[in-house]
Structure formats: C-alpha cells, structure tokens
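Colleague: Got a minute to look at this one with me? I'd like to go through a few spots.

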Amino acid sequence: MFNWLMPVRTVLDEAEKPVRLFFRDDDAGWVNDRLYLLLDEFAYAGMPIDVAVIPRAINHHLVDELLLRWQQGRHLIGLHQHGYGHLNHESAGRRCEFGGSRSKTQQKVDISKGQVMLRAAFGNALEPHFTPPWNRCTAKTVECLEELDFHLLSKDVTAAQLESSKLKQVPVHIDWSKILKTSPTPLVTLGEAIAAHIGCNAVTGIMLHHANMDAESLKPLAELLAVLVGHSNTQGIRLRDTLGYGTECKQSEKLPML
Ligand SMILES: [Zn+2]
C-alpha cells in the first residue's frame with residue numbers, strides 16, 4: 001500500500017541521533033477558525049509549534065484564544081511577530097512588506113508599532129522573533145530588528161542571506177501548502193522533501209499556512225505528526241530552542257529548492 005510517509009520513517013529509523021525539526025504557522029489573525037483547528041492537531045499530538053502573528057490583524061478573541069492555549073501548554077506553543085500589516089509595498093517584482101522600496105525609517109516605524117501592539121496583547125508570552133511576510137526582507141530590516149532587540153529572524157532558506165552578528169537566523173525549508181498546490185504528486189513530493197531535509201539539516205523548519213488548510217487537508221498533517229511523535233528519533237522543538245545551536249549542515253544547500 002502506498003504510504004507517503006515511508007521516506008520520513010526510513011530517515012528516522014536510520015538516524016544516528018534525534019532529528020530536530022520545528023513547525024512555523026504563518027498569518028495568525030487571518031482565518032482564525034482554521035488556525036484553531038490546526039493548533040488542536042498540534043496539541044493533540046503533543047508537538048510544539050511557533051505561530052507568527054500579524055499585529056494589525058489581531059482581535060480580542062484571537063488574543064484570548066492564543067493566550068489560553070499558551071497557558072495550557074507553554075512549552076508547546078510560541079508566539080512571535082509576523083510583519084506589521086502584511087501589506088505589499090513593492091510596485092514591481094515579488095511581494096514584500098519590508099522590501100527594497102522602503103527606507104529604514106519606514107521599516108522601523110512599522111516593526112516597532114507591531115511590536116508594541118503584540119507586547120500589549122500577549123505580554124511575556126510574546127517571543128523576540130520576527131518572520132517577514134512572504135519570507136523576505138532586506139539588510140535594513142535586519143538593522144531595525146537588531147535595534148529593536150529582536151533575537152531571531154525566520155525566513156525561507158532560499159531567501160537572500162543577510163548578515164547579522166546579533167540576530168539568530170533560523171530558516172524554514174519546506175513550504176507545505178506550496179508543495180501540495182504545485183506538485184503533480186503532492187504527497188509523494190512532500191514526503192520526499194521532508195525526508196531529504198530532516199536527513200541532512202541540523203534543524204529543519206516546516207512552514208504551514210492554516211488559511212490554506214481545511215479539515216480535509218489537515219489529515220496528512222495529522223498523519224505526519226503521528227509518525228513523528230511516535231518515533232524515538234524525533235525531537236520537535238520551538239524556534240527559541242535553536243538559540244545557541246547551529247541549524248544547517250553544509251549539504252543542505254545542495255538540496256532541491258522545495
Ligand atoms: Zn504571511
């Protein structure tokens with residue numbers, strides 16, 4: 001019988017030490033009903049997850065719901081900032097909220113306003129991490145984040161490398177929704193991509209977008225989580241757990257861009 005998770009299981013079986021991976025779900029504030037269903041899956045499995053929250057999209061219900069879940073299992077859920085308004089400011093090229101057309105002052109004002117909003121909403125549940133919308137930003141963004149006392153930046157592994165001596169940079173490697181949407185053999189491709197990365201990276205990041213995941217499409221996720229938590233060679237971590245660790249092995253750069 002076809003089992004799309006067989007490659008993942010094989011890597012876990014053969015790993016000489018526990019495989020470290022994290023999940024990052026983006027766009028909290030949008031389609032929150034689906035966010036809660038996704039978080040239910042992680043809570044049920046006992047797998048940690050980092051949630052990237054759009055400051056301008058929060059409301060009281062979302063804040064209460066996330067804080068409740070954080071209080072119930074604070075080692076399992078992390079909350080951090082996802083841009084400011086998730087707006088595209090580029091007139092040409094790829095979409096970006098913190099792209100080349102924006103000055104450092106403009107970027108810093110937005111990031112700072114978002115930081116103030118989220119700190120007021122989430123207090124000490126908020127972690128000093130930043131995920132830029134569309135997974136891209138510029139060297140100016142990095143300067144702003146350093147000055148605003150952020151500790152960690154998470155974007156896509158294929159995005160431009162940005163130098164920083166202060167910020168830990170922890171990329172995601174797998175874009176779950178994109179693979180499922182674009183591959184002619186979605187689950188096969190997804191299983192092979194996850195296996196390739198966890199077999200190589202010191203830490204692998206899997207990015208989710210709950211807004212794209214209805215109840216039916218949560219099933220493969222639940223299957224993956226069941227395999228991961230059921231295997232002694234899995235170490236599900238949070239972004240904050242990477243502070244102080246390396247995240248990449250050299251071979252990772254040779255893996256296909258998925
Ligand atoms: Zn986003």
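Modeller: Sure, we can start with the metal site and then move to a helix; keep in mind that this is a predicted model.

Colleague: Okay, which residues coordinate the zinc ion?

Modeller: Asp27 does so through OD, and His82 and His86 each through NE2. The distances run from 2.1 to 2.2 Å.

Colleague: What spacing do the donors of the zinc ion follow along the chain?

Modeller: The pattern is D-x54-H-x3-H. Asp27 and His86 are 59 residues apart, so to speak a link between distant parts of the chain. Asp27 lies in strand E1 (residues 19-28), while His86 is in the loop between strand E3 (77-82) and helix H4 (104-122).

Colleague: And are Asp27 and His86 buried or exposed?

Modeller: Both of them are buried.

Colleague: Switching topic: where is Asp40?

Modeller: Asp40 sits in helix H2, which covers residues 32-45.

Colleague: Why is Asp40 classed as partly exposed?

Modeller: Because its relative accessible area is 37%, and that class runs between the 20% limit for buried and the 50% limit for exposed.

Colleague: How many Å separate the C-alpha atoms of Asp40 and Leu76?

Modeller: 12 Å, with the two residues 36 apart along the chain.

Colleague: What about Asn32, buried or exposed?

Modeller: Asn32 is also found in helix H2. Asn32 counts as buried because its relative accessible area is 12%, and the cut-off is under 20%.

Colleague: Which residues is Asn32 in contact with, leaving aside neighbours within four places in sequence?

Modeller: Asn59 and Leu62.

Notes
Residues are numbered from 1 along each chain as its sequence is written. This is a predicted model: local features need pLDDT of at least 70, side-chain atom pairs count only at pLDDT 80 or more; totals for chains, interfaces and linings use all residues. Side-chain values use heavy atoms; hydrogens and water are left out. Helices (H or I, at least four residues) and strands (E, at least two) are DSSP runs, numbered from the N terminus. Buried means under 20% relative accessible area, exposed over 50%, partly exposed in between (1.4 Å probe, protein chains only). Contact means heavy atoms within 4.5 Å. Donors are N, O and S atoms within 2.8 Å of the metal (3.2 Å for Na, K and Ca); water is not among the atoms, so sites may look incomplete.
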